[in-house]
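Q: Could you take a close look at one part of this model for me? I'd like to hear about the salt bridges and the helices that carry them, in as much detail as you can give.

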Amino acid sequence: MEAKDSQRSNDGTAAVAVIVLVLVLLPVFYVGSLGPAVWLTSRGFIDAGSDIILTNTFGGNRLRLALHNLDGRVAELNAAAVAIARAAADHAGRPVAVAGSIGPTGELFAPLGTLSYEKGVEVFAEQSQAL
(Lines give C-alpha, C1' and ligand atoms only; values in the text may rest on other atoms or scores of the structure.)
Protein backbone atom coordinates (compact mmCIF):
# COMPACT_ATOMS: atom_id res chain seq x y z
CA MET A 1 0.00 0.00 0.00
CA GLU A 2 1.40 3.40 -1.00
CA ALA A 3 1.57 5.92 1.82
CA LYS A 4 -0.13 9.25 1.22
CA ASP A 5 2.17 12.25 0.90
CA SER A 6 0.91 13.57 4.23
CA GLN A 7 1.88 10.30 5.89
CA ARG A 8 5.46 10.23 4.63
CA SER A 9 8.02 11.46 7.10
CA ASN A 10 11.19 10.53 8.86
CA ASP A 11 9.52 10.37 12.25
CA GLY A 12 10.82 9.46 15.68
CA THR A 13 9.88 5.81 15.34
CA ALA A 14 11.93 5.46 12.19
CA ALA A 15 14.81 7.28 13.86
CA VAL A 16 14.81 4.87 16.79
CA ALA A 17 14.70 1.91 14.43
CA VAL A 18 17.60 3.34 12.43
CA ILE A 19 19.63 3.74 15.59
CA VAL A 20 18.98 0.17 16.65
CA LEU A 21 19.22 -1.56 13.27
CA VAL A 22 21.80 0.44 11.38
CA LEU A 23 23.78 2.58 13.76
CA VAL A 24 24.24 0.01 16.50
CA LEU A 25 24.04 -3.36 14.78
CA LEU A 26 25.62 -2.30 11.49
CA PRO A 27 28.31 0.28 12.26
CA VAL A 28 30.15 2.02 9.45
CA PHE A 29 33.06 -0.42 9.40
CA TYR A 30 30.70 -3.19 8.25
CA VAL A 31 29.67 -1.47 5.02
CA GLY A 32 31.82 -3.79 2.94
CA SER A 33 30.86 -7.13 4.47
CA LEU A 34 27.26 -6.25 5.37
CA GLY A 35 26.44 -3.83 2.58
CA PRO A 36 23.39 -5.82 1.45
CA ALA A 37 21.95 -5.75 4.99
CA VAL A 38 22.47 -1.98 5.16
CA TRP A 39 20.78 -1.59 1.75
CA LEU A 40 17.81 -3.73 2.82
CA THR A 41 17.45 -1.77 6.06
CA SER A 42 17.43 1.51 4.13
CA ARG A 43 14.90 0.09 1.66
CA GLY A 44 12.70 -0.96 4.54
CA PHE A 45 12.47 2.62 5.76
CA ILE A 46 11.82 3.88 2.24
CA ASP A 47 9.14 1.26 1.65
CA ALA A 48 7.55 2.32 4.95
CA GLY A 49 7.28 5.87 3.56
CA SER A 50 10.38 7.68 4.77
CA ASP A 51 11.39 10.60 2.58
CA ILE A 52 14.75 10.91 4.35
CA ILE A 53 17.08 8.06 5.25
CA LEU A 54 20.31 8.19 7.22
CA THR A 55 23.64 6.73 6.26
CA ASN A 56 25.09 4.24 8.73
CA THR A 57 28.02 6.55 9.42
CA PHE A 58 27.30 7.36 13.06
CA GLY A 59 30.72 7.09 14.68
CA GLY A 60 32.44 7.12 11.29
CA ASN A 61 35.03 9.69 12.30
CA ARG A 62 38.77 9.20 12.74
CA LEU A 63 38.71 9.09 16.55
CA ARG A 64 35.88 6.60 16.80
CA LEU A 65 37.22 4.41 13.99
CA ALA A 66 40.62 4.35 15.72
CA LEU A 67 39.05 2.07 18.33
CA HIS A 68 38.95 -0.55 15.55
CA ASN A 69 42.26 0.42 13.90
CA LEU A 70 40.35 1.91 10.96
CA ASP A 71 41.19 5.58 11.45
CA GLY A 72 42.94 5.72 8.08
CA ARG A 73 39.76 4.69 6.24
CA VAL A 74 37.41 7.57 7.12
CA ALA A 75 36.84 8.70 3.53
CA GLU A 76 36.54 5.17 2.15
CA LEU A 77 34.06 3.88 4.72
CA ASN A 78 31.88 6.98 4.71
CA ALA A 79 31.78 7.08 0.91
CA ALA A 80 30.81 3.41 0.79
CA ALA A 81 28.00 3.98 3.30
CA VAL A 82 26.69 6.94 1.27
CA ALA A 83 26.79 4.88 -1.92
CA ILE A 84 24.73 2.11 -0.32
CA ALA A 85 22.11 4.53 1.03
CA ARG A 86 21.99 6.46 -2.25
CA ALA A 87 21.50 3.22 -4.20
CA ALA A 88 18.59 2.28 -1.96
CA ALA A 89 17.06 5.74 -2.36
CA ASP A 90 17.49 5.68 -6.13
CA HIS A 91 15.30 2.56 -6.33
CA ALA A 92 12.40 4.27 -4.58
CA GLY A 93 10.64 5.55 -7.68
CA ARG A 94 10.21 8.90 -5.89
CA PRO A 95 12.55 11.47 -4.38
CA VAL A 96 14.24 10.27 -1.19
CA ALA A 97 16.91 12.34 0.51
CA VAL A 98 20.01 10.74 2.02
CA ALA A 99 21.32 12.43 5.15
CA GLY A 100 24.79 11.78 6.49
CA SER A 101 24.85 10.71 10.12
CA ILE A 102 27.67 12.20 12.16
CA GLY A 103 28.08 11.00 15.69
CA PRO A 104 30.31 10.93 18.68
CA THR A 105 34.08 10.79 18.80
CA GLY A 106 34.08 8.66 21.93
CA GLU A 107 36.02 11.40 23.69
CA LEU A 108 34.87 14.26 25.89
CA PHE A 109 35.57 17.84 24.96
CA ALA A 110 37.69 19.96 27.29
CA PRO A 111 37.40 20.94 30.07
CA LEU A 112 35.67 17.65 30.98
CA GLY A 113 37.97 15.65 28.70
CA THR A 114 41.05 16.03 26.57
CA LEU A 115 39.48 16.71 23.18
CA SER A 116 40.08 20.30 22.10
CA TYR A 117 37.54 22.31 20.15
CA GLU A 118 39.98 22.59 17.24
CA LYS A 119 40.56 18.83 17.10
CA GLY A 120 36.81 18.19 17.24
CA VAL A 121 36.20 20.55 14.33
CA GLU A 122 39.01 18.87 12.37
CA VAL A 123 37.64 15.37 12.99
CA PHE A 124 34.03 16.23 12.12
CA ALA A 125 35.11 18.28 9.09
CA GLU A 126 37.04 15.28 7.76
CA GLN A 127 33.97 13.07 8.06
CA SER A 128 31.68 15.75 6.63
CA GLN A 129 33.87 16.07 3.55
CA ALA A 130 33.77 12.30 3.08
CA LEU A 131 29.98 12.37 3.20
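A: Let's begin with D90 and R86, whose side chains meet in a salt bridge with an N to O distance of 2.9 Å. This is a predicted model, so take that distance as a computed value. The two residues sit four apart in helix 4, so about one helical turn separates D90 from R86. As for accessibility, D90 is exposed, with a relative accessible area of 53%, while R86 comes out as partly exposed at 31%. The general idea behind such pairs is simple: side chains of opposite charge can pair when their charged atoms come close.

Now over to helix 5. There, E122 forms a salt bridge with K119, and the closest N and O atoms are 3.7 Å apart. That is still inside the 4 Å cut-off for a salt bridge, so the pair counts. E122 and K119 are three residues apart in helix 5, which again puts about one helical turn between them. K119 counts as partly exposed, with 30% relative accessibility, and E122 is also partly exposed, at 41%.

E122 has another partner to look at. R62 forms a salt bridge with E122 too, with the closest N and O atoms 3.1 Å apart. Here R62 belongs to helix 3 (residues 62-65) and E122 to helix 5, so this pair ties together parts that lie 60 residues apart in sequence. Put these pieces together and you get a network: R62, K119, E122 and E126 are linked by salt bridges. The count of salt bridges comes to seven.

E126 leads on to how the helices pack. Helix 4 (residues 74-90) and helix 5 (residues 117-130) pack at an angle of about 45°, and their axes are 8 Å apart. That angle makes helix 4 oblique to helix 5. The crossing, where helix 4 passes helix 5, is right-handed. On the helix 4 side, the contact is made by V74, A75, N78 and A79, and on the helix 5 side by E126, Q127 and A130. By type, the residues of this contact split into four nonpolar, two polar and one charged. So E126 turns up twice, once in the salt-bridge network and once in the contact between helix 4 and helix 5.

Back around the D90 end, R43 is worth a look as well. R43 lies in helix 2 (residues 35-47) and counts as buried, at 12% relative accessibility. If you skip its neighbours within four places in sequence, R43 is in contact with A88, H91 and A92. A88 falls within the residue range of helix 4, which runs over residues 74-90.

To place all this in the whole chain: the secondary structure comes to five helices and two strands, and along the sequence they follow the pattern α-α-β-α-α-β-α. Of the 131 residues, 36% count as buried. Sequence-distant contacts also show up in the totals: among contacts in the chain with a separation of 6 or more, 76% come from residues 24 or more positions apart. The R62 and E122 pair, at 60 residues apart in sequence, is one example of a link across that kind of separation.

Note on methods:
Residues are numbered from 1 along each chain as its sequence is written. This is a predicted model: local features need pLDDT of at least 70, side-chain atom pairs count only at pLDDT 80 or more; totals for chains, interfaces and linings use all residues. Side-chain values use heavy atoms; hydrogens and water are left out. Axes are lines fitted to C-alpha atoms, for helices over the stretch in contact, and angles run from 0 to 180 degrees between N-to-C directions. Angles under 35 degrees count as roughly parallel, over 145 as roughly antiparallel, 65 to 115 as roughly perpendicular and the rest as oblique. A crossing is left-handed if the near helix is turned anticlockwise from the far one by less than a right angle, and right-handed if clockwise. Contact means heavy atoms within 4.5 Å. Ala, Val, Leu, Ile, Met, Phe, Trp, Tyr, Cys and Pro count as nonpolar, Asp, Glu, Lys and Arg as charged, and the others, Gly among them, as polar. Buried means under 20% relative accessible area, exposed over 50%, partly exposed in between (1.4 Å probe, protein chains only).
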